[in-house]
Each structure stands twice: as C-alpha cells, then as structure tokens.
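Got the viewer open? Let's take a walk through this chain, one selection at a time.

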Amino acid sequence: AEGLAVERLVVSGGAAGSRVTPQVLADVTGRPVTCAAQDAVSALGAGVLARAMLDGDLAGLSRRLAPGGRTFSPGPDAALYRDVLREYLQPFRSAS
C-alpha cells in the first residue's frame, strides 16, 4: 500500500533458518527482521492482503496477524552495509 511505512520484515523458508541472512537483511534495510516460525507464511500474507482489500486496514491487520519468531535487529555493521548499498545503487539512480 502506497505510503505505508515498513516497520519490520518477515522471512520464511530457508532464509528463516539461517543466522547470517536475516542479520544481513536487518543491517542493509535498517529494519528488524523476524524469522517466521510457522509454515505457510506466504498463504497467511496473501490472506492478509485479501482481507485488507475488503476492510482497508492493511497496517492494523499486519500488526495483529504478523507471524512470530526469532527477530534480528540491525547490528554494528549496519552503517557499512548501507554505504555499500548506496554505492551499488548509484549507477541505477543516475540512469533514471
């Protein structure tokens, strides 16, 4: 939804079982990353989006129905990853 702030990311599957991937995602994005403990999280996400289309409360539904699990917060390498990402994206921004 346009204009909706991203407060955290949720990963599932193989990435959720890793200790490295969620930490890198948290560092690069500057957002907490939760590793879903439940199965079928993609189906849950699709259901949340469908329900939000009916009642228009995506933010509220996302907060209430978000899966729980281990959470990784941005760590001491976050600034380094942000600098690397900014440098990587620079040619794409110049081209547009």
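Start out at Ser94: this residue is exposed, with a relative accessible area of 53%, because anything over 50% counts as exposed. Keep in mind as you click around that this is a predicted model. Ser94 sits in helix H5, which covers residues 78–95. Now add Ala79 to the selection and draw a distance between the two C-alpha atoms: Ser94 and Ala79 are 15 residues apart in sequence and 22 Å apart in space.

**Zoom out**

Show the whole chain as a cartoon. You should be able to count 5 helices and 3 strands. If you trace the chain along its sequence, the elements come in the pattern β-α-α-β-α-α-β-α. A box drawn along the principal axes around the C-alpha atoms would be roughly 40 × 35 × 20 Å. Color by accessibility if your viewer allows it: of the 96 residues, 19% count as buried. As for contacts between residues with a separation of 6 or more, 73% of them come from residues 24 or more positions apart.

**The sheet**

Next, select the strands. The 3 of them form an open sheet in the order E1-E2-E3, and the pairing is mixed. Strands E1 (9–11) and E3 (69–72) are at the edges; each has a single partner strand, so one side of each is left without a neighbour in the sheet. Look along the sheet to see the twist: on average, neighbouring strands are turned by 25 degrees against each other, direction ignored.

Take the pairings one by one. E1 runs parallel to E2 (residues 33–36), and 3 bridges link the two. Click on Leu9 and you'll find its bridge partner in E2, Val33. Click on Val10 and the residue opposite in E2 is Thr34. On the other flank, E2 and E3 pair in the antiparallel sense over 4 bridges. For a landmark there, try Ala36, which stands opposite Gly69 in E3.

Stay on E2 and show its side chains. Which residues of E2 are buried on its two faces? Val33 and Cys35 are buried on one side, and Thr34 and Ala36 are buried on the other, so to speak a strand with both faces covered.

**Into the core**

Now select Val11, Ala16, Ala26, Val33, Cys35 and Phe72. These 6 residues make up the largest nonpolar core. In soluble globular proteins, nonpolar side chains tend to be buried together.

Center on Val33 and ask for its surroundings. Leaving out residues up to four places away in sequence, Val33 touches Leu9, Val11, Pro22, Leu25, Ala26, Arg70, Thr71 and Phe72. Then bring helix H2 (residues 21–29) into view: H2 lies across E1, E2 and E3, and runs at about 150 degrees to E2.

From here, hop to Asp77, in the loop between E3 and H5. Asp77 counts as partly exposed, at 42% relative accessibility. Pick Val24 as well: Asp77 and Val24 are 53 residues apart along the chain, yet their C-alpha atoms are separated by 8.6 Å.

**The helix pair**

Hide the sheet and show H3 (residues 41–55) with H4 (residues 58–65). How do the axes of H3 and H4 meet, and at roughly what angle do they cross? The axes come within 9 Å and cross at roughly 145 degrees. The crossing of H3 past H4 is right-handed. To see what makes the contact, select Leu44, Val48, Leu49, Arg51, Ala52 and Asp55 on H3, then Leu58, Leu61, Ser62 and Leu65 on H4. Sorted by type, the residues of this contact are 7 nonpolar, 1 polar and 2 charged.

**Last stops on H3**

Click on Leu49, in helix H3. Is Leu49 buried or partly exposed? Leu49 is partly exposed, with a relative accessible area of 48%. Draw a line from Leu49 to Asp83: the two are 34 residues apart in sequence and 33 Å apart in space, C-alpha to C-alpha.

Finish with Gly47, also found in helix H3. Gly47 has 37% relative accessibility and counts as partly exposed. Its C-alpha is 32 Å from that of Gly75, with their positions 28 residues apart in sequence.

Key. Residues numbered from 1 in each chain as written. Predicted model: local features only at pLDDT ≥ 70, side-chain atom pairs only at ≥ 80, totals over all residues. Heavy atoms only, no water. Pairing = 2+ DSSP bridges. Axes fitted to C-alpha atoms, helices over the stretch in contact; angles between N-to-C directions. Contact = heavy atoms within 4.5 Å. Buried < 20%, exposed > 50% of the residue type's maximum accessible area, 1.4 Å probe, protein only. Core = buried A, V, L, I, M, F, W, Y, C linked by side-chain atoms within 4.5 Å. Left-handed = near helix turned anticlockwise from the far one by under 90°. Nonpolar A, V, L, I, M, F, W, Y, C, P; charged D, E, K, R; others polar.
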